[in-house]
Amino acid sequence: MGRTVFLLISVVLVAYYIYIPLPDAIEEPWKVVLESTFLKIVMDLASFGERLGINHSMETLQLLMRFQDAPPTSDKNVTVMETTFDSVHVRIYIPKRKSAMRRRGLFYIHGGGWCLGSAGSFMYDTLSRRTAHKLDAVVVSTDYGLAPKYHFPRQFEDVYRSLRWFLQEDILEKYGVDPRRVGVSGDSAGGNLAAAVTQQLLQDPDVKIKLKVQALIYPALQALDTNLPSQQEGSHYPLLTRSLMVRFWSEYFTTDQDLKKAMLLNQHVPTEFSHLLQFVNWSSLLPERYKKGHFYKNPTPGNSELVQKYPGFVDVKACPLLANDNILHHLPLTYIITCQYDVLRDDGLMYVQRLRNVGAHVTHHHFEDGFHGAFSLPGLKITNRMQNQYFSWLIKNL
């Protein structure tokens with residue numbers, strides 16, 4: 001009897017962790033399942049520890065992820081070094097092959113929901129090495145303070161300080177970067193920060209060297225409406241679900257569970273800020289194919305107390321989709337990647353549309369078989385295709 005119960009429990013647990021209803025279009029499904037299963041197990045262990053009062057789940061995940069950090073060692077193609085830019089830790093990648101002129105410079109911001117990841121993690125270290133080699137570019141991969149220890153605007157401020165330091169003429173000269181060929185890029189939460197600092201630079205008269213391009217990979221761009229079509233569809237998308245994305249957003253602003261609960265119900269924007277919803281209204285900003293089967297409904301007004309305590313979720317520095325048309329019109333050349341099976345798909349699609357509406361120069365690549373996280377996961381065919389598209393655009397435009 002005991003063996004039967006044990007076997008039954010084992011089967012149920014295996015089924016719970018292994019079974020993921022992946023869309024048929026996703027390539028190499030077993031590799032994706034393994035990645036998703038590993039993430040689910042680690043997240044559940046961290047959540048269990050949090051319920052027991054041992055540690056905040058995000059801090060546990062940060063600790064576990066440190067075991068995936070890669071040392072800053074140079075290789076046959078790239079010299080790697082670590083330093084600080086205005087007290088913010090960065091990792092710098094410089095191609096070893098000789099260059100007769102100053103190189104492109106790319107300032108990269110890692111993802112991880114403003115809670116996880118680092119410039120030194122294996123997947124971002126691998127991406128930065130490959131980027132530096134493929135583009136013959138100097139890559140600066142920046143760190144920033146992570147939640148729950150730090151909340152908005154700390155992440156934004158760290159990245160902005162680091163980027164401003166990099167954009168000084170003497171710093172660019174030191175690392176052999178052409179001041180006319182500097183871009184910023186990031187994925188997910190890093191894409192959010194890349195979009196936000198790019199907008200801020202337009203309004204900073206003290207920064208004389210301007211960005212030539214911004215490249216955003218499935219960026220998170222707004223926290224006002226948590227019930228977009230991609231979020232409604234994405235309860236079981238691989239790696240990033242709607243509930244996890246809401247958790248990341250709420251952690252960005254506070255550890256107060258009241259905000260997370262309100263965001264899950266899409267009842268966190270008070271009436272006095274309802275005018276901002278026009279900037280994230282998917283019924284007018286999404287292409288028809290993505291609206292099919294969905295009906296727009298204004299989010300239920302929330303409690304004013306939440307926005308008074310945590311004004312970040314209505315701040316353009318946290319939600320770049322809230323920028324006015326004049327700011328968007330003056331943005332540098334923009335490249336945006338979106339994925340079909342990604343809860344953040346519609347954030348990127350709406351930003352593309354808003355940029356086009358004001359005549360900004362934007363290139364959009366949508367991956368019909370793509371999913372959140374695919375850009376930086378090593379060993380997948382979709383990863384190589386996404387990165388090659390990204391490299392091709394940067395080689396042509398940066």
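Below, a reader and the author talk through how several labels in this predicted model follow from its computed values.

Reader: Let's start with the sheet. What makes β1 and β8 its edges?

Author: The open sheet has eight strands in the order β1-β2-β4-β3-β5-β6-β7-β8, with mixed pairing. β1 (78-85) and β8 (362-371) each have a single partner strand, so one side of each is left without a neighbour in the sheet. From one strand to the next, the twist averages 20°.

Reader: How do you know that β2 and β4 pair?

Author: Pairing needs at least two bridges between the strands. Strand β2 (residues 88-95) and β4 have four, in the antiparallel sense. Within these strands, V90 stands opposite T142 of β4.

Reader: Which strands does α7 touch?

Author: Helix α7 packs on the sheet and touches β3 (103-109), β5 (177-187) and β6. Its direction makes about 135° with that of β5.

Reader: Why is α7 described as largely enclosed?

Author: Twelve of its 14 residues are buried, so the rest of the structure largely encloses α7. Among those buried are G190, N192, L193, V197 and L201.

Reader: And how does the span of α7 relate to the expected one?

Author: Helix α7 (residues 189-202) reaches 21 Å from its first C-alpha to its last, which is close to the 20 Å expected at 1.5 Å a residue.

Reader: Now the rings. Why is the pair of Y237 and Y341 called edge-to-face?

Author: The structure holds 19 aromatic pairs. For Y237 and Y341, the centres are 5.8 Å apart and the planes make 80°. A pair needs centres within 6.5 Å, and planes over 60 degrees apart count as edge-to-face, so both conditions are met. Y237 lies in the loop between α8 and α9 (242-253), and Y341 in strand β7 (residues 333-341), so the pair ties together parts 104 residues apart in sequence. Both Y237 and Y341 are buried.

Reader: What makes the pair of W249 and Y252 tilted instead?

Author: Here the centres are 6.4 Å apart and the planes stand at 45°. That angle is neither under 30 degrees, as stacked would need, nor over 60, so the pair is tilted. W249 and Y252 lie in helix α9, three residues apart, about one turn of the helix. Both are buried, and both belong to an aromatic cluster with W114, F152, F253 and F313.

Reader: How do you know that R154 lies over the face of Y150?

Author: R154 is 3.9 Å from the ring centre of Y150. The distance limit is 6 Å, with the charge also within 35 degrees of the ring normal.

Reader: On to the backbone. Where are the cis peptide bonds?

Author: One runs from A147 to P148, with omega near 10°. Another runs from F152 to P153, with omega near 15°. P148 is in the loop between β4 (137-142) and α5 (154-166), and P153 is also found in the loop between β4 and α5.

Reader: What makes E28 and Y218 stand out in phi?

Author: E28 has a positive phi, near 50°, and is not a glycine. Y218 is not a glycine either, yet its phi is about 30°. E28 is in the loop between α1 (2-18) and α2 (29-51), whereas Y218 is in the loop between β6 (213-217) and α8 (229-233).

Reader: Why do E28 and Y218 count as buried?

Author: The cut-off for buried is under 20% relative accessible area. E28 has 18%, so it counts as buried. Y218 has 1%, so it is buried too.

Key: Residues are numbered from 1 along each chain as its sequence is written. This is a predicted model: local features need pLDDT of at least 70, side-chain atom pairs count only at pLDDT 80 or more; totals for chains, interfaces and linings use all residues. Side-chain values use heavy atoms; hydrogens and water are left out. Helices (H or I, at least four residues) and strands (E, at least two) are DSSP runs, numbered from the N terminus. Buried means under 20% relative accessible area, exposed over 50%, partly exposed in between (1.4 Å probe, protein chains only). The expected span of a helix is 1.5 Å times one less than its number of residues. Rings of Phe, Tyr and Trp (its six-membered ring) pair if their centres lie within 6.5 Å; planes under 30 degrees apart count as stacked, over 60 as edge-to-face and the rest as tilted. Axes are lines fitted to C-alpha atoms, for helices over the stretch in contact, and angles run from 0 to 180 degrees between N-to-C directions. Contact means heavy atoms within 4.5 Å.
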